[in-house]
Amino acid sequence: MTDAKSDPLAPAKSTPFGLPLSVLAEITHRCPLQCPYCSNPIEMDRAASELSTEEWQRVLHELADLGVLQIHFSGGEPTARTDLLELVQCATDVGLYSNLITSGVLLTKDRLAALYQAGLSHVQISFQASDETLANRIGAHRRGHAKKLEAAKWTREVGLPLTVNAVVHRQNLHELPDLIDMAVALDADRLEVANVQYYGWALKNRAALMPSEAQIEEATAVVDTARKRLLGILEIDYVVPDYYALRPKKCMGGWGRQFFNISPAGKVLPCHAAESITGLVFDSVRDHSLAWIWEHSPAFNLYRGTDWMPEPCRSCALREEDYGGCRCQAFALTGNAANTDPACALSPQHDEIFQTARREAADGSSRFIYRNFIGGTAEPEVENNDR
């Protein structure tokens with residue numbers, strides 16, 4: 001492993017930037033579900049390439065030394081790792097707030113209690129729908145929804161805070177009022193209404209997932225009403241999906257400014273989808289320290305700040321508010337990660353993606369292309385009939 005002092009070829013920092021406050025640790029790509037909107041790379045890391053327990057423990061110590069405050073254990077399905085308890089204990093020992101982002105389907109009450117005793121701070125469970133049949137069809141797991149409900153119940157019973165992550169799209173947005181009620185019934189502290197983002201595997205299923213304008217308008221009204229009704233009871237996070245937005249989101253706080261992701265094999269990424277940008281090389285914790293990567297990685301510095309921006313971003317008054325939006329989306333939709341995010345109304349491609357959204361939403365396709373571990377299609381555990 002090299003660091004900035006020992007590597008004479010280390011590039012200089014291109015722009016000033018802050019410290020990463022939060023890190024997503026994708027400790028495995030293994031997962032019992034086959035969600036059609038999966039954000040993991042098309043080519044996922046095999047179990048044999050995953051960082052070992054000792055390597056992850058070293059990384060956790062480096063995170064604390066770097067000034068990171070929060071660690072989010074994710075995947076794939078993080079509970080597929082048999083050493084999760086050791087990793088949570090290590091995070092606690094070095095002073096990190098730890099959040100478990102899970103499907104819940106592999107959890108048991110005893111294991112959750114052990115994670116709590118090891119210092120786990122929070123649990124976030126994803127739900128595909130409130131209706132069991134629909135949820136299991138989307139996740140392609142016969143008993144997935146029932147297991148998620150059990151895991152949410154156990155989370156509150158052991159005394160952990162709970163976030164319900166409702167991944168929404170055209171085929172389940174009509175259930176949003178029920179999803180909100182479900183989150184309240186589960187005694188969740190927070191509900192994240194997460195509109196599907198279209199890169200990676202989700203891009204293959206965009207036509208089956210794209211919501212209509214009417215759905216988005218109704219969902220926005222539902223959320224506004226629920227926020228008032230449930231003030232002090234349930235916090236609701238909700239962002240309009242990019243294809244219907246006029247301004248791009250400040251993706252992950254800006255490329256390489258507040259956040260990074262570590263893949264199962266140890267690659268350090270500015271966001272969880274960054275590997276979808278072909279041609280970029282991401283440094284590994286097996287070769288460099290996290291401090292070196294954060295300051296000197298060419299991939300991190302490529303789109304940091306505003307100096308890299310073309311027009312119209314370069315002269316935009318909001319360039320330091322949104323930092324150009326999403327580089328992965330720009331690459332997926334325009335073929336060039338340096339282009340203006342098409343979610344922005346100033347992008348030459350904005351009208352095109354808006355019309356694409358309208359067309360695909362109106363088409364009404366409901367057939368999913370599922371994925372298996374090697375990144376191909378697979379037969380789901382439940383029958384996938386067009387509705």
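Right, cysteines to begin. This structure holds zero disulfides. Keep in mind that the model is a predicted one. Take cysteine 35, which is in no disulfide. Its nearest cysteine sulfur belongs to cysteine 31, 6.2 Å away. Cysteine 35 counts as buried, at 13% relative accessibility.

Now cysteine 38. Why does cysteine 38 make no bond with cysteine 31? The two sulfurs are 6.9 Å apart, and that is too far for a bond. Cysteine 31 is also the closest cysteine sulfur for cysteine 38. The cut-off for a disulfide is 2.5 Å between the sulfur atoms. Cysteine 38 is buried as well, with a relative accessible area of 16%.

On to the sheet. It is open, has nine strands, and its pairing is mixed. Reading across, the order is 7-6-5-4-3-2-1-8-9. Which strands stand at the edges? Strand 7 and strand 9, the latter at 268-269. Each has a single partner strand, so one side of each is left without a neighbour in the sheet.

Stay with strand 7 for a moment. Strand 7 covers residues 235-238. In a regular strand the side chains alternate between the two faces of the sheet. Here, Ile236 and Tyr238 make up the covered face. Glu235 and Asp237 make up the uncovered one. The neighbour is strand 6, residues 190-195, which runs parallel to strand 7 and is joined to it by four bridges. One pairing to look up: glutamate 192 has aspartate 237 of strand 7 as its bridge partner.

Further in, look at strands 4 and 5. Strand 4 is residues 122-127, and strand 5 is residues 162-168. They pair in the parallel sense, over five bridges. Within that pair, isoleucine 125 stands opposite valine 164 of strand 5.

Next, the helices on the sheet. Helix 1, residues 53-66, packs on the sheet and touches three strands: strand 1 (22-26), strand 2 (70-74) and strand 8 (259-262). The direction of helix 1 makes about 175° with that of strand 8. Helix 5, residues 144-157, also packs on the sheet. Helix 5 touches strand 4 and strand 5, and its direction makes about 160° with that of strand 4.

What about helix 4? Helix 4 spans residues 132-139, and six of its eight residues are buried, so helix 4 is largely enclosed by the rest of the structure. The buried ones are Leu134, Ala135, Asn136, Arg137, Ile138 and Gly139. Against which helix do they pack? Against helix 5.

Now the nonpolar cores. The largest has 90 residues. Leu63, Phe73 and Phe260 have the most contacts inside it. Look at phenylalanine 260. Leaving aside neighbours within four places in sequence, its contacts include Pro20, Val23, Leu24, Leu63, Leu66, Val268, Leu290, Trp294 and Phe300. There is also a second, separate core, of 17 residues. Among its members are Cys271, Ala273, Trp308 and Ala337.

Last topic: charges. How many salt bridges are there? The count comes to 15. I will pick three pairs and one network.

Pair one is aspartate 181 with arginine 229, where the closest N and O atoms are 3.8 Å apart. Aspartate 181 sits in helix 6 (residues 176-185) and arginine 229 in helix 9 (residues 213-229), so this pair ties together parts 48 residues apart in sequence. Aspartate 181 is partly exposed, at a relative accessible area of 40%.

Pair two is arginine 206 with glutamate 360, with closest N and O atoms 2.9 Å apart. Arginine 206 is in helix 8 (residues 206-209) and glutamate 360 in helix 14 (residues 350-363), so the pair ties together parts 154 residues apart in sequence. Buried or exposed? Arginine 206 is buried, and so is glutamate 360.

Pair three is glutamate 213 with arginine 358, at 2.6 Å from N to O. This pair links distant parts of the chain, helix 9 for glutamate 213 and helix 14 for arginine 358, 145 residues apart. Glutamate 213 is partly exposed, with a relative accessible area of 28%. Arginine 358 counts as partly exposed too, at 39% relative accessibility.

And the network: Arg30, Glu50, Arg81 and Asp83 are linked by salt bridges.

Conventions. Residues numbered from 1 in each chain as written. Predicted model: local features only at pLDDT ≥ 70, side-chain atom pairs only at ≥ 80, totals over all residues. Heavy atoms only, no water. Buried < 20%, exposed > 50% of the residue type's maximum accessible area, 1.4 Å probe, protein only. Helix = DSSP H or I, 4+ residues; strand = E, 2+ residues; numbered from the N terminus. Pairing = 2+ DSSP bridges. Salt bridge = Lys/Arg side-chain N within 4 Å of Asp/Glu carboxyl O. Core = buried A, V, L, I, M, F, W, Y, C linked by side-chain atoms within 4.5 Å. Contact = heavy atoms within 4.5 Å. Axes fitted to C-alpha atoms, helices over the stretch in contact; angles between N-to-C directions.
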